[in-house]
Amino acid sequence: EESIARSQLAQLFRISPGYVSELCKHYAGESFSKVKLHYQLEHAENLLIQSRLNIDEIAMQCGFSSANYFIRRFRKNYGLTPHVFRNRQEKTRFRALQPVPKK
């Protein structure tokens, strides 16, 4: 639920924060902050699909500082708000449950 800082991660693995950045760049091809944001948004996407948590709860569980910041980042990444994303997923799931008409 809490967002982890680069320095906290470094301390956990007993390496320098700079080395955390180097590892992210080497293995993921992106900065630590982009890798972290990717995982936060991926977790949020799963919660939007699989839970009935509200947007504030999802933002907090995914380590965002506020729901507004979460919504802005989600929209920038997915091109739509978390609410619209969830509604589209529900409609898709509902259609998949509909029986196929017989000919």
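The exercises below, each with a worked solution, concern a predicted model of a protein.

**Exercise 1. The overall build**

State how many helices and strands the protein has, and give the order of the elements.

Solution. Start with the count: the secondary structure comes to six helices and zero strands. Then read from the N terminus on, which gives the order α-α-α-α-α-α. Next, turn to burial: of the 103 residues in the protein, 24% are buried. Last, take the surface: the accessible area is about 7,800 Å², and carbon and sulfur atoms account for 53% of that area.

**Exercise 2. Classifying an aromatic pair**

Decide whether the rings of F64 and F70 are stacked, edge-to-face or tilted.

Solution. A search of the whole structure finds six aromatic pairs. For F64 and F70, the ring centres are 5.1 Å apart and the planes meet at 45°. Rings pair if their centres lie within 6.5 Å, so the distance qualifies. Stacked planes are under 30 degrees apart and edge-to-face planes over 60, and therefore an angle of 45° makes the pair tilted. As to surroundings, both F64 and F70 are buried.

**Exercise 3. A pair between two helices**

Classify the pair of F74 and F85, locate both residues, and say whether each is buried or exposed.

Solution. The centres of the F74 and F85 rings are 5.4 Å apart, with 75° between the planes. The pair is edge-to-face, because 75° is over 60 degrees. F74 sits in helix α5 (residues 67-78), while F85 belongs to helix α6 (residues 82-97). The two residues are eleven residues apart, and their pair links distant parts of the chain. The cut-off for buried is under 20% relative accessible area. F74 is at 0% relative accessibility, so F74 counts as buried. F85 is at 8%, so F85 is buried as well. Both residues also belong to one aromatic cluster, formed by F64, Y69, F70, F74, Y78 and F85.

**Exercise 4. The salt bridge**

Find which side chains meet in a salt bridge, and describe where they lie.

Solution. The count comes to one salt bridge. The side chains of R52 and E90 form this contact, with a distance of 2.3 Å from N to O. R52 lies in the loop between α3 (32-50) and α4 (55-61). E90 lies in helix α6, and the two residues are 38 residues apart. For accessibility, R52 has 62%, which is over 50%, so R52 counts as exposed. E90 has a relative accessible area of 27% and is therefore partly exposed.

How values were computed
Residues are numbered from 1 along each chain as its sequence is written. This is a predicted model: local features need pLDDT of at least 70, side-chain atom pairs count only at pLDDT 80 or more; totals for chains, interfaces and linings use all residues. Side-chain values use heavy atoms; hydrogens and water are left out. Buried means under 20% relative accessible area, exposed over 50%, partly exposed in between (1.4 Å probe, protein chains only). Helices (H or I, at least four residues) and strands (E, at least two) are DSSP runs, numbered from the N terminus. A salt bridge is a side-chain nitrogen of Lys or Arg within 4 Å of a carboxyl oxygen of Asp or Glu. Accessible areas come from the Shrake-Rupley method with a 1.4 Å probe; for residues, only the protein chains shown count as cover.
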